[in-house]
Amino acid sequence: SGYGGGRRRSEGGVERGVESERDMTAGNLDDAIKKIDGLLIDMEKEAEKSGVETPVIRFDPDDPWASERSLPPAYVVKKRCPKTGYLMTKPFESQCPMPEAFVKDNAYLRGMLKPVVKPANAAAAQAPSTSSGQQESGGKAKAASAGGAATVEDFGKVLFKVAMVTSVECHPDSEKLYICQLDIGNGETKQVVAGLQKYVKVEDLQGKLVVCVANLKKAKLAGTPSEAMILAAESKSADGVDGIVVRTLVPPAGAAPGDIVFLEGTQPAEKFTKRLSSTIWGNVGKALSVKGGVACFMAHAFCVQAGKITVEAPDGTTIK
């Protein structure tokens, strides 16, 4: 279509601009490396001509583990290669072993890293996309987020589930933590160590439906394994404990343990990341908030098949 073609031309321009910026930065770095290496070599040559005794280099000054090693024999010293600036280990090296890698610029290093490293602004320059299970419907859910920090595609990797809190116990070693058992559907349970003890009563959790993140990496809190996270909205209020009020998310009537949360205007994803990375969760978590009494991701409402996920908290309250 016309839009697709225009998008490709635009992306090509952006890519050329990014490549040009990368080349300029690399060129400046090359110049700096050449000047520093050249200065070191010239100083050593000048000292040798003048008969000035230069300090013997026993270790590579860039070696982070040098202080952990014992001194080498007195006859083992470091000598800089006059052509490349490489620190040779005398008497074992008579020349730079990899002259193509030490040519007073960063071309070799850039060549090695090019397949895996992108400029910092490349991600922001790319057009947003949606996952197969999070396709736009009627244009209601857009993939881009403010500043490019999170996308609907990121949201689709997080397994948000409705869960039933089947038991709540105070942590034996912490006055802040609960140890909760969650029924997340299909006969599966998850243990959650939640920092809710100061703010939420046991009776307000026990036997209640909540929303959890079910594919986080297992962690230990106060020595106790935690396999998921209960989501809650945290707002400031003079009526709260230490000026804080915490409310867990409330699934709608008709919701059941195991229901998958999706965004309004989309359908539930068919597959999720088995173990969610902290980077993805960090991006998604920062975009969770309350709008009109509804839990939202970038202003898109949390939903299950039975309706929207609500929470009793002011607009703009963060969810975590």
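**Exercise 1.** In this predicted model, determine whether E264 counts as buried, partly exposed or exposed, and identify the residue with which E264 forms a salt bridge.

*Solution.*
Step 1. The relative accessibility of E264 is 36%. Buried requires under 20% and exposed over 50%, so E264 counts as partly exposed.
Step 2. The salt-bridge partner of E264 is K308, with 3.6 Å between the closest N and O atoms.
Step 3. This pair links distant parts of the chain, 44 residues apart: E264 belongs to the loop between β12 (262-263) and α5 (278-286), and K308 to strand β16 (residues 307-308).
Step 4. K308 has a relative accessible area of 38% and is likewise classed as partly exposed.

**Exercise 2.** State which parts of the chain the salt bridge between E234 and K320 connects.

*Solution.*
Step 1. The N to O distance for the side chains of E234 and K320 is 3.7 Å. The cut-off is 4 Å, so the contact qualifies as a salt bridge.
Step 2. E234 is located in strand β10 (residues 232-241), while K320 is in the segment after β17 (318-319); the pair therefore ties together parts 86 residues apart in sequence.
Step 3. E234 is partly exposed at 32% relative accessibility, and K320 is partly exposed at 49%.

**Exercise 3.** Classify the exposure of K218 and of E227, which form a salt bridge.

*Solution.*
Step 1. The closest N and O atoms of K218 and E227 are 3.9 Å apart.
Step 2. K218 has a relative accessible area of 59% and is exposed.
Step 3. E227, at 22%, is partly exposed.

Methods. Residues are numbered from 1 along each chain as its sequence is written. This is a predicted model: local features need pLDDT of at least 70, side-chain atom pairs count only at pLDDT 80 or more; totals for chains, interfaces and linings use all residues. Side-chain values use heavy atoms; hydrogens and water are left out. Buried means under 20% relative accessible area, exposed over 50%, partly exposed in between (1.4 Å probe, protein chains only). Helices (H or I, at least four residues) and strands (E, at least two) are DSSP runs, numbered from the N terminus.
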